[in-house]
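Please look at the sequence and the 3D structure shown below. The paragraphs after them go through a few places one at a time.

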2 protein chains.
Amino acid sequence: MKIYRYPERKTWPELVKRPVFEREEISGLIAEIFETVEKDGDEALIQFNKKFDQALTPQITVSETELDNAADEISEDLKKAIQQAKENISKFHAAQIAETEKIETTKGVICWRENRAVEKVGIYIPGGTAPLFSTVLMLAVPAQLAGCREIILCTPPDSNGNINPAILYTAKLCGITQVFKTGGAQAVAAMALGTESIPKVYKIFGPGNQYVVAAKEFAQRYGVAIDMPAGPSEVLVIADRQAVPEFCAADLLSQAEHGSDSQVVFITDDFKIFTSTMEAVEKQVKKLPRNDMACKALDHSLFILTDSIEKALDFSNLYAPEHLILALEDFETYIPAIGNAGSVFLGNYSCESAGDYASGTNHTLPTNAYARNYSGVSMDSFVKKITFQHLSKEGLKKIGKTIEIMAEAEGLIAHKNAVSIRLK
Amino acid sequence: MKIYRYPERKTWPELVKRPVFEREEISGLIAEIFETVEKDGDEALIQFNKKFDQALTPQITVSETELDNAADEISEDLKKAIQQAKENISKFHAAQIAETEKIETTKGVICWRENRAVEKVGIYIPGGTAPLFSTVLMLAVPAQLAGCREIILCTPPDSNGNINPAILYTAKLCGITQVFKTGGAQAVAAMALGTESIPKVYKIFGPGNQYVVAAKEFAQRYGVAIDMPAGPSEVLVIADRQAVPEFCAADLLSQAEHGSDSQVVFITDDFKIFTSTMEAVEKQVKKLPRNDMACKALDHSLFILTDSIEKALDFSNLYAPEHLILALEDFETYIPAIGNAGSVFLGNYSCESAGDYASGTNHTLPTNAYARNYSGVSMDSFVKKITFQHLSKEGLKKIGKTIEIMAEAEGLIAHKNAVSIRLK
């Protein structure tokens, strides 16, 4: 833990800095993988599965049988949990679909926006230690609500060539159209370029390691969009004297266990809470199965004692955390002061894991200070908002002169003519 | 003109292809410019002005006096036109600010979203032949409505070191906080990195040549967001027998005059409209001052005769045009069939130039087939939507088991603990 007592404002820019990753190193490798996938298609993916995942996958497409069987391989409790989470996520996201309001900006000039789903989207779900079926929910539920026609999912197989059944069960539940056994940069390449089995998509979503992140960045050269730039996960907790140190510690640790590069920040104006929370962290971390990773993350965590909650919020806005927890008595007072954050958790009972799984909000959020300029994933991420306009002849008459004068002043005479010829 | 009569569907993917630009060539130059701006700050910009614009600009910041004097240097008519346009753009964009609706996803679990302005935004306006003060309106009006705290503008000076007064007048009118005399990739670098005079911004907007486009792409490495990827401007017009060939021709030409790389597509199911529109284009183009550019754009334009409007719309969705004009009698019938487009103009009196200047819709739109996965600029572009949640103890009890089960199944025990410790 890095401990700071009343750090001066001029030191803050140094404190909010995130680790910098060298991308150049792997960019050659990524380009090579894209080339191989472009050239060899499915066969490339089969070979990559052999090489990287020690898996034999003659078919990279998950079969209907595999999808159907998944439900039998997980507990009833887990199925119910996934269903409750899905229900809440659906409720929250469905409410984000804005009505189409027609605006008559000038008499006879009617303008509006309509949503259209991104037709083809691809979801990447990492393999490895944690089967992130919760991320399937977070991406597939809004995709389906938005009306995306094709929602495909790529995830690496285990060494037996299988996909975790909780991922398959959730995929089927959420209307994923096809699941493919492929991971890493090659999965991203496949979704960006298309192969015999995998359709080329228009937008790629989902988390991953540095290769996946680099591949998503690279994929944009092919006209594909991505959900957002990525970085290690973060939480910033602001606590006052009524906070519960054990709760704060548990929240800090649920961030720390994500990985050794997780960013954990704690700020309080109360000395007792400051010390008790650090103690509670030390105590709780020992019992965690992912203790190793959590300890590494804690090594570079920040524990800051401040003289006011206002200052804590100023620091938080500069930091722009992915997750912000306000363990404050009068949290409502401070909401307007929040400028930069991905998702905010209010009060002592709003733990980050509620938003990670089941409250209904999305857990795909901007990290790495991107909360200054990006929103988390929402229904907006799965639609385009197309503007429409209808001008009657009267309407064009009313704004025609304005258009003609402006077009002429910009030297664009054909733009002017398009009006003049209609009003002649 | 490239003429296609009833082209088969299998030929469409070839027809919708856009020109490919080689970016690699200039990427070294862009990196160099960023380095120079990072090292020398304002002085670098002053030197670039000398080198690229033959302009002496000891001060790159536009003074208050320069801003104030601009109003006297343009006609009253132009001022009135700019004001009417601003009013319509304001009306349309203000209506896009969605209400905050709180959703109780489970009893005691309340989730909602709030908008927060991107604090610092930078607008780039190109110099050259056309002073694009209309783009100042399109970017500064929503930025101001969104509440962006800092809205700066960079644009290259003329050889006398001055900025076009229409740009300055519009900038002042729209609450731009500072204007700087710098253009090209170096202006983008300055906004991404900051200099003594120019503040570092969080998001960069605006059009430009290939150097500006490449610089905006490059700037993202520094954590800056951009409005959207860019490409040459486009229009696709679909006309039926009631369309007016002279109107269609004028619209096609108002696209063609933008530049020799402009993309112009005309589709009709009526042979007479097909030939008369081509004739009208030939006739009108001769009188244009930007005749040269327009003719070059027309050389690679597509004129397609089709056997149904439905098919025309299918083609349009595959093409994903920036601007789509439906010069159709029953245009309303076809609105639901529009899947991919930046902005749509309905009927014979909705010319593209209305949306370019004064109807109220935004003219910063996705080109280069990006209408498949991107929206045009709107209020959404200037805000982040932050999610909030408040769980009461009862609320956490109701979804606690679900969170615990899911967290455990993902192997994230600290996530589970954050709930268990609160419900103990």
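Leaving aside its neighbours within four places in sequence, which residues is A:Tyr357 in contact with? The model to be searched for the reply is a predicted one. Within chain A, the partners of A:Tyr357 are A:Ala85, A:Ile89, A:Ser134 and A:Met138. In chain B, the partners of A:Tyr357 are B:Ile403, B:Met406, B:Ala407, B:Glu410, B:Leu412 and B:His415. Neighbours within four places in sequence are left out of this list.

A:Tyr357 belongs to helix α15 of chain A, which covers residues 352–357. With a relative accessible area of 1%, A:Tyr357 is buried, because buried means under 20%. The sequence alone does not place A:Tyr357 beside A:Lys86, for the two are 271 residues apart along the chain, yet their C-alpha atoms are separated by 9.1 Å.

The contacts of A:Tyr357 with chain B lead on to the interface as a whole. There, 115 residues of chain A are in contact with 114 residues of chain B. The size of an interface is often given as the accessible area lost when the parts come together. For chain A and chain B, the area buried between them is about 10,200 Å², and 58% of it is on carbon and sulfur atoms. On the chain A side, the residues that lose the most area to chain B are A:Tyr349, A:Glu410 and A:Arg422, which together make up 8% of what that side buries.

Next comes a helix of chain A. Helix α7 of chain A, residues 165–173, is mostly covered, with 7 of its 9 residues buried. The buried residues of α7(A) are A:Pro165, A:Ala166, A:Ile167, A:Leu168, A:Tyr169, A:Thr170 and A:Ala171. What do these buried residues of α7(A) pack against? Their partners in chain A are the helices α4, α5 (76–94) and α6 (133–146), together with the strands β5 (150–155) and β6 (178–181).

In chain B, helix α7 is again residues 165–173, and it packs with helix α6 of chain B, residues 133–146. The angle between α6(B) and α7(B) is about 15°, and their axes are 8 Å apart. An angle under 35 degrees counts as roughly parallel, so α6(B) and α7(B) are roughly parallel to each other. The crossing of α6(B) past α7(B) is right-handed. From α6(B), the residues B:Phe133, B:Val136 and B:Leu137 meet B:Ala166, B:Ile167, B:Thr170 and B:Ala171 of α7(B). Sorted by class, this contact has 6 nonpolar residues, 1 polar residue and no charged residues.

B:Thr170 of α7(B) can be looked at on its own. Its relative accessible area is 0%, so B:Thr170 is buried. Apart from neighbours within four places in sequence, B:Thr170 is in contact with B:Ile82, B:Phe133, B:Val136 and B:Leu137.

Another pair of helices in chain B is α2 (residues 24–40) and α9 (residues 210–219), whose axes come within 10 Å and cross at roughly 65°. Are α2(B) and α9(B) roughly parallel or roughly perpendicular to each other? They are roughly perpendicular, because that term takes in angles of 65 to 115 degrees. α2(B) passes α9(B) in a right-handed crossing. The residues of α2(B) that make the contact are B:Ile26, B:Leu29, B:Ile30, B:Ala31 and B:Phe34, and those of α9(B) are B:Gln210, B:Tyr211, B:Ala214, B:Ala215, B:Phe218 and B:Ala219. By class, there are 10 nonpolar residues, 1 polar residue and no charged residues in the contact of α2(B) with α9(B).

Two loop residues remain. Most residues other than glycine have a negative phi. A:Gln54 is not a glycine, but its phi is positive, near 50°. A:Gln54 sits in the loop between α3 (42–53) and α4 (64–70) of chain A, and A:Gln54 is exposed, with a relative accessible area of 55%. B:Tyr6 also has a positive phi, of about 45°, although it is not a glycine. B:Tyr6 is in the loop between β1 (2–5) and α1 (12–15) of chain B, and at 46% relative accessibility B:Tyr6 counts as partly exposed.

Methods:
Residues are numbered from 1 along each chain as its sequence is written. Chains are lettered from A and ligands numbered from 1 in the order in which they are written. This is a predicted model: local features need pLDDT of at least 70, side-chain atom pairs count only at pLDDT 80 or more; totals for chains, interfaces and linings use all residues. Side-chain values use heavy atoms; hydrogens and water are left out. Axes are lines fitted to C-alpha atoms, for helices over the stretch in contact, and angles run from 0 to 180 degrees between N-to-C directions. Helices (H or I, at least four residues) and strands (E, at least two) are DSSP runs, numbered from the N terminus. Angles under 35 degrees count as roughly parallel, over 145 as roughly antiparallel, 65 to 115 as roughly perpendicular and the rest as oblique. A crossing is left-handed if the near helix is turned anticlockwise from the far one by less than a right angle, and right-handed if clockwise. Contact means heavy atoms within 4.5 Å. Ala, Val, Leu, Ile, Met, Phe, Trp, Tyr, Cys and Pro count as nonpolar, Asp, Glu, Lys and Arg as charged, and the others, Gly among them, as polar. Buried means under 20% relative accessible area, exposed over 50%, partly exposed in between (1.4 Å probe, protein chains only). Buried area is the accessible area (1.4 Å probe) that two parts lose on being put together, summed over both.
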